[in-house]
Amino acid sequence: MSDSENAFVFKITVIGDGAVGKTSLIKKYTQGSFQKDYIKTLGAQFSKYDEEIDGRLLEHLVLNPETMLSSSFGISLAKQNLCL
Ligand SMILES: Nc1nc2c(ncn2[C@@H]2O[C@H](COP(=O)(O)OP(=O)(O)OP(=O)(O)O)[C@@H](O)[C@H]2O)c(=O)[nH]1
Ligand SMILES: [Mg+2]
């Protein structure tokens, strides 16, 4: 079995109101670190995080669109994050 056949690929979009912690959540998950300073995400941020479980590769491709763009999904998030 080749590597690509053995892999699971998850495409994740994180949306939510501004300054609720979307970027922080992604950074903690993908890099294990936390940044106290607030820097608004402009445009979109893409991250990739790989993990191996039981010999299987799990690839996480994470899209973090700017808040203004994510609000175009038309979902009221009541100051919470939502991972799709
Ligand atoms: N105390 C605390 N602060 C947090 C937590 N998560 C994020 N923050 C802080 O909240 C602020 C905003 O975090 P971001 O992750 O930049 O928020 P965001 O949702 O990506 O914001 P936008 O890019 O503007 O949409 C930052 O100053 C973070 O340090 C948390 O779990 N606890
Ligand atoms: Mg952000």
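Which two strands form a hairpin, and how many residues lie between them? Strands β2 and β3 form the hairpin, with two residues between them. D54 sits in the turn and has a positive phi of about 50 degrees.

This is a predicted model, in which local features need pLDDT of at least 70, side-chain atom pairs count only at pLDDT 80 or more, and totals for chains, interfaces and linings use all residues. Residues are numbered from 1 along each chain as its sequence is written, while chains are lettered from A and ligands numbered from 1 in the order in which they are written.

**Fold**

The protein chain holds two helices and four strands. Their order from the N terminus is β-α-β-β-α-β. Helices (H or I, at least four residues) and strands (E, at least two) are DSSP runs, numbered from the N terminus.

Buried residues account for 10% of the 84 residues in the protein chain. A residue is buried if 20 or more other C-beta atoms lie within 10 Å of its own, exposed if 12 or fewer, and partly exposed in between; C-beta atoms are placed from the backbone. Two residues are in contact if their C-beta atoms, placed from the backbone, lie within 7 Å. Among contacts in the protein chain between residues at least 6 apart in sequence, 59% link residues at least 24 apart.

**Strand pairing**

Two strands pair if DSSP finds at least two bridges between them. β3 (residues 56-65) pairs with β1 in the parallel sense, over seven bridges. β3 also pairs with β2 (residues 44-53), in the antiparallel sense, over 10 bridges. A7 faces L57 of β3 as its opposite residue. Q45 stands opposite N64 in β3.

**Three residues to inspect**

| Residue | Place | C-beta atoms within 10 Å |
|---|---|---|
| A19 | loop between β1 and α1 | 12 other C-beta atoms |
| D54 | loop between β2 and β3 | 5 other C-beta atoms |
| V14 | strand β1 | 22 C-beta neighbours |

V14 counts as buried because it has 22 C-beta neighbours inside 10 Å. The C-alpha atoms of V14 and L25 are separated by 9.4 Å, with the two residues 11 apart along the chain.

A19 is exposed, because 12 other C-beta atoms lie within 10 Å. Its C-alpha is 8.8 Å from that of I39, and the two are 20 residues apart in sequence. Phi of A19 is near 60 degrees, a positive value in a residue other than glycine. D54, likewise not a glycine, has a positive phi near 50 degrees. Most residues other than glycine have a negative phi. D54 is exposed, because 5 other C-beta atoms lie within 10 Å.

**Around ligand 1**

The shell around ligand 1 has 15 residues, of which G21, T23, S24, Y38 and T41 come nearest. A residue is near a molecule if its C-beta atom, placed from the backbone, lies within 6 Å of it. Helix α1 (residues 22-31) gives the most to this shell, with three residues. By type, the shell divides into three nonpolar, eight polar and four charged residues. Ala, Val, Leu, Ile, Met, Phe, Trp, Tyr, Cys and Pro count as nonpolar, Asp, Glu, Lys and Arg as charged, and the others, Gly among them, as polar.
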